[in-house]
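The following exercises ask the reader to work from coordinates to a reasoned description of a fold. Please inspect the sequence and the structure before attempting them.

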Amino acid sequence: MINLLNALITGGISSNISDVEAVEKYVNTQNVSYFSLLYERYSSKVYAKCISILKSETLAEDAMQEIFMKVMINISKFKHSSKFSTWLYSITYNYCIDMTRKSKKSLEKEVEDISIYSDHLTDEDSDNEILEIEVSRLKEILDEMKEADRATLLMKYQDELSIIEMCEIFQKSESAIKMQIKRAKEKFIRIHKLKYA
């Protein structure tokens, strides 16, 4: 029964084909069923990422639709050197960050004077400190961070993207990404200490 429902949603196309196959088939045939398959797989994940950055269900819904329109238009530009999901999340994060910057409705506070922590925390220490914080507190702290810092931490801890994948998303070098992660973690810990000391 489940297979029959999947077939109806995707126009009879097997839901077992890989993302890469679905992309290739869509590009070559323009059969929208292949794109629908990708939409079914990723729309809820993209929506969740939009919510985490935009903080509004309405904005997230609009953003998700816009993102999939961008994906549909630009899908022939997908490079098979990375996973489709990485490429999709790159578009998602960049779109949402641009959206918050343009709207100027972001509620994050810039946290100054983080250098007092940078000399004392190793990467492992800061990772452990972040991972040990309660989920409710994590959300509160992330809400106060700038969108780029929040996206950086979500990519690392929620999506578990590699440094290489983050390099592709931000179009930066490995050393620049490592520094970006380090600074985002320091800001996160700084906010946590200020709020919950």
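The exercises below concern a predicted model, and each is followed by a worked solution.

**Exercise 1. Describe the secondary structure and the overall burial of the protein chain.**

Solution.
Step 1. Count the elements: the protein chain holds 11 helices and 0 strands. Its pattern along the sequence is accordingly written α-α-α-α-α-α-α-α-α-α-α.
Step 2. Turn to burial. Of the 197 residues in the protein chain, 42% are buried.
Step 3. Consider the surface. About 11400 Å² is exposed by the protein chain, and carbon and sulfur atoms supply 52% of that area.
Step 4. Examine the contacts with a separation of 6 or more: 65% of them join residues 24 or more positions apart.

**Exercise 2. Identify the largest nonpolar core and determine which element gives the most to it.**

Solution.
Step 1. The largest nonpolar core comprises 48 residues. Those with the most contacts inside it are C50, I67, V71, I75, F84, L88 and M155.
Step 2. Assign the core to elements. Two or more residues come from each of helix 2 (19-29), helix 3 (32-54), helix 4 (57-74), helix 5 (84-103), helix 8 (135-143), helix 9 (147-158), helix 10 and helix 11 (174-196).
Step 3. Helix 3 gives the most, with 9 residues.
Step 4. Place this in context: nonpolar side chains in soluble globular proteins tend to be buried together.
Step 5. Take M155 as an example. Leaving out residues up to four places away in sequence, M155 touches Y93, E160, L161, M166, I169 and F170. Of these partners, M166, I169 and F170 are among the buried residues of helix 10.

**Exercise 3. Is E165 buried or exposed, and which residues does it touch?**

Solution.
Step 1. Locate the residue: E165 belongs to helix 10, which spans residues 163-170.
Step 2. Apply the cut-off. E165 has a relative accessible area of 14%, and residues under 20% count as buried; E165 is therefore buried.
Step 3. List the contacts. Beyond four places in sequence, E165 touches K83, T86 and E160.
Step 4. Set E165 among its neighbours in the helix: M166, C167, I169 and F170 of helix 10 are buried as well as E165.

**Exercise 4. Find which residues beside helix 10 have a positive phi, and state whether they are buried or exposed.**

Solution.
Step 1. Recall the background: most residues other than glycine have a negative phi.
Step 2. E160 has a positive phi, near 55 degrees. This residue lies in the loop between helix 9 and helix 10.
Step 3. Q171 also has a positive phi, near 55 degrees. Q171 comes just after helix 10, in the loop between helix 10 and helix 11.
Step 4. Residues over 50% relative accessible area count as exposed. E160, at 65%, is therefore exposed, and Q171, at 69%, is exposed too.

**Exercise 5. Which residues does the side chain of Q180 join through polar contacts?**

Solution.
Step 1. Q180 lies in helix 11. Its relative accessible area is 12%, so Q180 counts as buried.
Step 2. Outside its neighbours within four places in sequence, Q180 is in contact with T152, F170 and K172.
Step 3. Test these partners for polar contacts between side chains. One of 2.8 Å joins Q180 to T152, and one of 2.7 Å joins Q180 to K172.
Step 4. For the backbone, the C-alpha atoms of Q180 and L153 are separated by 9.5 Å, although their positions lie 27 residues apart along the chain as a separation.

**Exercise 6. Classify the aromatic pair formed by F78 and F84.**

Solution.
Step 1. An aromatic pair is described by the distance of the ring centres and the angle of the planes.
Step 2. The structure contains 8 aromatic pairs. For F78 and F84, the centres are 5.7 Å apart and the planes make an angle of 80 degrees.
Step 3. Planes over 60 degrees apart count as edge-to-face, so the pair of F78 and F84 is edge-to-face.
Step 4. Check burial: F78 is buried at 5% relative accessible area, and F84 is buried at 2%.
Step 5. Extend the view. Y42, F78, F84, W87 and Y89 form one aromatic cluster. Over the ring of Y89 sits the charged end of K49, 4.3 Å from the ring centre.

Terms used. Residues numbered from 1 in each chain as written. Predicted model: local features only at pLDDT ≥ 70, side-chain atom pairs only at ≥ 80, totals over all residues. Heavy atoms only, no water. Helix = DSSP H or I, 4+ residues; strand = E, 2+ residues; numbered from the N terminus. Buried < 20%, exposed > 50% of the residue type's maximum accessible area, 1.4 Å probe, protein only. Contact = heavy atoms within 4.5 Å. Areas by Shrake-Rupley, 256 points an atom, 1.4 Å probe, with all protein chains shown as cover. Core = buried A, V, L, I, M, F, W, Y, C linked by side-chain atoms within 4.5 Å. Polar contact = N/O pair within 3.5 Å; in protein donor to acceptor, adjacent residues only side chain to side chain. Phe/Tyr/Trp six-rings, centres within 6.5 Å; stacked < 30°, edge-to-face > 60°. Lys NZ or Arg CZ within 6 Å of the ring centre and 35° of its normal.
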